[in-house]
Amino acid sequence: MSNKPNAREAIVDTASRLFFTQGYHATGLSQIIKDSDSPKGSLYYYFPHGKEELALTCINKTSEIVVRQLRQYVEKEITVIEAVQEFLHQMVSDAEESDFKGMVPFSFWVAVETSCISEELRTACQTVFMDWQDVILQRLLEEGTDTQLAADKASVVVSLFEGALLQTLTCRSTGPLLAASRLVPVLLG
C-alpha cells in the first residue's frame with residue numbers, strides 16, 4: 001500500500017502550505033496544481049467552486065488538527081494551566097525544529113486576509129476560533145470556573161497562542177512563546 005496522498009489530499013496539503021506561506025491572494029490555482037503534481041481537472045473535480053471552496057477546506061483541516069492537539073493536552077490528568085503550558089512548549093519545539101519557518105499563525109493568513117473578501121470565509125474563521133476556545137472553556141468549566149470568566153479566559157488564551165506565535169516567528173525567537181507560558185498561571189489561575 002502506497003503512502004502517497006491521493007490527488008485531493010495533495011491539493012489540500014499544497015494549498016494549505018502555499019496559503020500559509022505566501023497568502024491567499026498571492027496563491028493561484030495554477031501554482032497549486034503545479035506544486036501538487038495533480039492534473040488540472042482534479043482541482044476543479046474536487047473543488048468545483050474554486051479557490052474559496054479550497055480555502056474553506058484548508059481552514060477546516062487546520063482547525064481539526066489544532067483542536068485534536070489541544071484536546072490531547074487538556075484531556076491529560078493535569079490542570080488546565082499545565083495543559084496550556086505544555087501546548088505552548090510544543091509550539092516552541094515546533095518553531096525550533098522548523099527553524100521558525102514551518103508554522104504560521106492561523107490568524108495571519110486566514111482571519112486577516114480572507115475575512116474581508118468573503119462572508120463564508122469570515123464565518124469559517126470565526127468558527128475556528130470558537131472551536132479552539134471551546135476546548136479550553138470546557139476544561140475550565142470542569143475545573144469549576146464561572147461560565148463567563150471561563151469564556152473570557154478561553155478567548156484570551158487563544159489570542160495568546162496566536163500573538164505569541166506571530167512574535168516568535170517575526171523575531172525568530174522562542175522568547176514570546178516562553179513568556180506566554182510563564183504567564184499562563186496568571187491568566188488562568
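This report describes selected helices, salt bridges and aromatic pairs in a predicted model.

## Helix H7: length, kink and ends

Helix H7 runs over residues 119-142, which amounts to 24 residues, and the path from its first C-alpha to its last reaches 34 Å, close to the 34 Å expected at 1.5 Å a residue. That agreement in span goes together with a local deviation, for H7 has a kink of about 25° that is centred on Asp-134. Just ahead of the helix, at its start, Ser-118 places a side-chain oxygen within 3.2 Å of the backbone nitrogen of Glu-120. After the other end comes Gly-144, which follows H7 and has a positive phi, near 95°.

The buried residues of H7 include Leu-121, Ala-124, Cys-125, Val-128 and Phe-129 in its earlier part, and Trp-132, Gln-133, Val-135, Ile-136, Leu-137, Arg-139 and Leu-140 further along. As general background to such a list, residues three or four places apart in an α-helix point the same way, because the helix has 3.6 residues a turn.

## Salt bridges

How many salt bridges does a search of the whole structure find? The search finds four, and three of these are described here. In general, side chains of opposite charge can pair when their charged atoms come close.

One of the bridges joins Lys-76 to Glu-86, with the closest N and O atoms 2.7 Å apart. Lys-76 belongs to the loop between helix H4 (51-74) and helix H5 (80-97), whereas Glu-86 belongs to helix H5 itself, so the bridge ties together parts that are ten residues apart in sequence. Lys-76 has a relative accessible area of 37% and is therefore partly exposed, and Glu-86, at 30% relative accessibility, also counts as partly exposed.

Two further bridges involve residues of helix H7. Glu-119 and Arg-122 meet through their side chains at 2.7 Å, N to O; both residues lie in H7, three residues apart, which is about one turn of the helix. Arg-122 is partly exposed, at 29% relative accessibility. Towards the other end of the region, the side chains of Arg-139 and Glu-143 meet in a salt bridge of 3.2 Å, N to O. The two partners of this bridge fall into separate burial classes: Arg-139 has a relative accessible area of 11% and is buried, while Glu-143, at 39% relative accessibility, counts as partly exposed.

## An aromatic cluster across three helices

The count of aromatic pairs comes to five. Among them, Tyr-73 and Phe-87 form an edge-to-face pair, with 5.9 Å from centre to centre and 80° between the planes. Tyr-73 lies in helix H4 and Phe-87 in helix H5, so this pair ties together parts that are 14 residues apart in sequence. Tyr-73 and Phe-87 are both buried.

Phe-87 also pairs with Phe-161, and here the arrangement is tilted, at 4.7 Å centre to centre and 45° between the planes. Since Phe-87 lies in helix H5 and Phe-161 in helix H8 (residues 147-171), the pair ties together parts that are 74 residues apart in sequence. Phe-161 is buried, as is Phe-87. Taken together, Tyr-73, Phe-87 and Phe-161 form one aromatic cluster.

## Helix H9: bend and burial

Helix H9 covers residues 175-188, and its 14 residues reach 20 Å from the first C-alpha to the last, close to the 20 Å expected at 1.5 Å a residue. Where does H9 bend? The bend, of about 40°, is at Arg-182, and a proline, Pro-185, follows within four residues.

The buried residues of H9 are Pro-176, Leu-177, Ala-180, Ser-181, Val-184 and Leu-188. What covers these buried residues includes H5, H7 and H8.

## Ser-42 in helix H3

Ser-42 lies in helix H3, which spans residues 40-46. Is this serine buried or exposed? With a relative accessibility of 10%, Ser-42 counts as buried, because buried means under 20% relative accessible area.

A polar atom of the Ser-42 side chain lies 2.5 Å from the backbone oxygen of Pro-39. Leaving aside residues up to four places away in sequence, Ser-42 touches Ala-7 and Ile-11.

Technical notes. Residues are numbered from 1 along each chain as its sequence is written. This is a predicted model: local features need pLDDT of at least 70, side-chain atom pairs count only at pLDDT 80 or more; totals for chains, interfaces and linings use all residues. Side-chain values use heavy atoms; hydrogens and water are left out. Helices (H or I, at least four residues) and strands (E, at least two) are DSSP runs, numbered from the N terminus. The expected span of a helix is 1.5 Å times one less than its number of residues. The bend at a residue is the angle between axes fitted to the seven residues ending there and the seven starting there. Buried means under 20% relative accessible area, exposed over 50%, partly exposed in between (1.4 Å probe, protein chains only). A polar contact is a pair of N or O atoms within 3.5 Å; within protein, one must be able to donate a hydrogen and the other to accept it, and residues adjacent in sequence count only if both atoms are side-chain atoms. Contact means heavy atoms within 4.5 Å. Rings of Phe, Tyr and Trp (its six-membered ring) pair if their centres lie within 6.5 Å; planes under 30 degrees apart count as stacked, over 60 as edge-to-face and the rest as tilted.
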